Amino acid sequence: MTQYTPEQSSVVLAIGGIDPAGFSGLQADIKALHSIGAHCYTVPTAMTAQPAQAGEPAQVYPVSTEEFVAQLNACLSHERPSAIKVGLMPNQGLAIALKNWIGEHNLTEIPVVYDPVFANTLNKSLLVDPPQVIVERLLPITTLMTPNLLEAALWSEQIATEDADLSKPETFARQWRKAGAQQILVKGGHSDDSSSTDSNMVSDYFIGLGTGGPQAFWVSTPKLPLNQPCRGTGCSLASLIAGMMGFGYSAADAVVIAKQRLQEALFAPLSFGEFLKPNFQAIKPATISSTEAAQIPLEKLPSVHFPSQPYHFNFPSCGDSPLGLYPVVDSAEWIERLLSLGVTTIQLRAKNLKGEALEREIQSAIAIAERFNTRLFINDYWELAIKHGAYGVHLGYEDLQTADLHQLEKHQLRLGLSTHCHYELAHALSVKPSYVASGPVFHTNTKDMPWRPQGIDGVSYWRKLVDCPLVAIGGLNESHFKALCEAGADGIAMITAITHAKDAEGTTQRFMDIIKSAVNETYDQKTL
Ligand SMILES: Cc1ncc(COP(=O)(O)OP(=O)(O)O)c(N)n1
Ligand SMILES: Cc1ncsc1CCOP(=O)(O)O
Ligand SMILES: [Mg+2]
C-alpha cells in the first residue's frame with residue numbers, strides 16, 4: 001500500500017542520548033520502535049543527567065569518537081540497518097564521524113531521520129557545540145528532518161529573508177529546504193498560532209519528495225488535553241517515522257502513520273512523577289507475518305491537506321443502495337450497453353479523446369445515465385462534468401492538486417477518490433468524498449502502477465480506516481467477488497473483466513448476480 005515495497009522487517013539504528021530517567025532519547029526510541037515491530041540498535045552519543053527541577057541545568061557527557069564508531073561498527077557486524085534515526089548529537093566531532101562512517105560503509109541509500117534535539121522539553125540545553133554547526137554537518141546525510149518550532153527557528157532565523165514570517169511552520173520548512181534539507185517535518189506542537197489550521201488540532205508541516213516532485217502538506221491530529229508536560233514525544237515520533245521508512249514506506253506515508261501511532265499512545269498517557277510519557281504498551285502491536293508486509297493497526301488516520309486547500313468539505317452521498325458492480329468504460333456506447341442490463345454504477349474513463357469529441361462523449365454519457373437514472377462518474381474531466389451536470393466525478397491524487405473542490409462541492413457533484421497509500425488515503429478522507437477507491441487489489445495490465453498489489457487483506461485493512469463507501473479496483477474478476485464483499489467493499493470496479501469478455505452482456509449479468517448474492521450472504525452472516 002505504498003509507493004515503495006513494504007518489507008517484513010525494519011532494523012533502525014537509533015543514535016542519540018541516554019536519559020537515565022527513561023523519558024526520552026534512546027529509551028523512548030526503543031519503546032516506540034518495538035510498538036511497530038521494528039528492531040532497534042541503540043548507539044549512545046552521550047550520557048545525560050536531566051534533573052526534574054526547573055532551576056537545575058542538564059549535564060551532557062559525550063562519548064569519544066572512538067567509542068562512537070566502535071559501537072556503530074558492532075551494530076553493522078549484525079544485520080545492515082534499514083533506517084537510521086539520529087537524535088541528540090552533542091558536538092560536531094561526532095556529527096562528522098557519523099557522516100564519514102555512513103560514506104565509508106556505503107550506507108548513503110539508507111533513509112536517515114534526524115530529530116535535531118537542541119534542548120529537552122524542560123528547555124535545558126543538551127549541546128556542547130552551537131546547533132548550527134552540528135546541523136550543517138548532518139544536513140547532507142539527512143533524508144528527513146523533524147525539528148519542532150523552536151528548533152526550526154534557531155536555524156531559520158539565521159538564513160531568513162527579511163519578509164519571512166518566522167512564526168509559522170511553513171516558513172521554517174521553506175527556509176530549511178533552501179538550506180539544503182531534502183525533506184522536512186516542522187512540528188507545530190509548541191505553536192499557539194492557529195491561523196493556518198483548526199485551533200483544536202496539532203498541525204505539522206511537511207515538505208517532501210513525491211513521485212512527481214516536491215509535495216507539501218499539513219498533517220493534523222486533535223489536540224489532547226494533557227495536564228502535565230509530556231516527555232519523549234519528539235524522539236518517539238522521529239523513531240516511528242524512521243521505523244516505517246525502514247519497512248520501505250515513503251516519507252509521507254511514514255509521517256502519517258507515525259503521527260497517528262503517537263496520537264494513540266498519547267491518548268491515555270502514562271503519568272510518572274511530574275511528567276507524562278506516551279503509552280506504547282496500551283496500543284495494538286503491529287502484525288508482521290512471514291509472508292506479507294508489516295501491517296500497522298491504526299484507529300484512524302490524521303487529517304491531511306494541501307497548504308492551499310482547507311479540508312472542510314462535504315460531498316453528497318451516493319444513496320442507500322450499494323455501489324455494487326462498477327464497470328469502468330471508455331465510451332458512451334459501452335455505457336448504453338451496460339446500463340440497459342441494470343448496472344447501477346458506471347464510469348466514463350475516456351483517455352483517448354480530446355477537445356470537442358471528448359465533450360460530446362461526456363454529454364452523451366450523461367444523457368444516457370440520466371435516462372437510466374444511474375450513477376455515472378466522469379474520470380478526470382471535472383470541469384466538463386460540472387458544465388454538463390454529471391452525477392459525479394472520479395479523481396486521482398494528481399488531479400486533486402489542481403481540481404477546484406469548492407466548485408465540485410458547490411455544484412453538488414459526488415466525488416470518488418483513488419487512494420493507493422496511507423498518505424493518499426489520509427488526504428482523501430479529509431476531503432470527505434462520496435466514496436474512496438482502493439487499489440490495485442491485484443496486478444493489473446490496464447495501467448502501470450508503482451504500488452504493490454494490496455490483496456484482499458489490504459481491502460479489509462482499508463475498510464477499517466474508511467468511513468465512507470469503499471470501492472475495490474485492479475485485476476478483479478468473479479473469483480474475487482465473495483471475498484471482496486466479506487472484506488467490506490461496497491463497490492467492485494473493473495475494466496478488463498467486462499470490456500475484454502467474449503460475451504460482455506452475459507458476463508455483466510452473471511457478475512451482477514454473483515455480487516448480489518455475495519452481498520446478501522455477507523449481510524446475513526453479519527446479522528446472524
Ligand atoms: C473506481 C475507480 N478507482 C480508481 C480509478 C483510478 O483513477 P485515477 O487514479 O484517476 O487513474 P485513471 O483512471 O485516471 O488512470 C478509477 N478510474 N476508478
Ligand atoms: C485505473 C485503475 N486504477 C487502479 S487499478 C486500475 C485499472 C483497473 O483495470 P482492470 O480491471 O483491467 O485491472
Ligand atoms: Mg483519473
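This passage describes the ligand 2 site, the magnesium site and the internal cavity of a predicted model.

Ligand 2 makes a good starting point. Its surroundings are built from R349, T444, T446, K447, M449, I473, G474, G475, M494, I495 and T496. Sorted by class, this shell comprises four nonpolar, five polar and two charged residues. Three threonine side chains from this list deserve a closer look. In T496, a side-chain N or O atom is placed 2.4 Å from an oxygen atom of ligand 2. For T446, the distance between a polar side-chain atom and an oxygen atom of the ligand is 2.5 Å, and for T444 the separation between a side-chain N or O atom and a ligand oxygen is 2.7 Å. Ligand 2 on its own would expose 370 Å², of which the protein buries 93%.

Turning to the metal, the magnesium ion (ligand 3) is coordinated by N379 through OD1 and by D380 through OD, with distances of 1.9 to 2.7 Å. Both of these residues, N379 and D380, are buried.

Empty space inside the protein was examined as well. Rolling a probe the size of a water molecule over the atoms reveals where such space remains. Across the whole structure, the search returns one cavity of 30 Å³ or more. The volume of the largest cavity is about 60 Å³. Its lining consists of G22, F23, A28, K31, S236, L270, K277, P278, F280 and Q281. Five of the lining residues of the largest cavity are nonpolar, three are polar and two are charged.

How values were computed. Residues are numbered from 1 along each chain as its sequence is written. Chains are lettered from A and ligands numbered from 1 in the order in which they are written. This is a predicted model: local features need pLDDT of at least 70, side-chain atom pairs count only at pLDDT 80 or more; totals for chains, interfaces and linings use all residues. Side-chain values use heavy atoms; hydrogens and water are left out. On a 1 Å grid over the protein atoms alone, a cavity is a set of points where a 1.4 Å probe fits but cannot get out, and a pocket is an open set with protein on both sides within 12 Å along at least five of seven lines; lining residues have an atom within 4 Å of a point. Grid points are joined across faces, edges and corners, and a volume is the space filled by probe spheres set on the points. Ala, Val, Leu, Ile, Met, Phe, Trp, Tyr, Cys and Pro count as nonpolar, Asp, Glu, Lys and Arg as charged, and the others, Gly among them, as polar. Donors are N, O and S atoms within 2.8 Å of the metal (3.2 Å for Na, K and Ca); water is not among the atoms, so sites may look incomplete. Buried means under 20% relative accessible area, exposed over 50%, partly exposed in between (1.4 Å probe, protein chains only). A residue is near a molecule or strand if one of its heavy atoms lies within 4 Å of it. A polar contact is a pair of N or O atoms within 3.5 Å; within protein, one must be able to donate a hydrogen and the other to accept it, and residues adjacent in sequence count only if both atoms are side-chain atoms. Accessible areas come from the Shrake-Rupley method with a 1.4 Å probe; for residues, only the protein chains shown count as cover.
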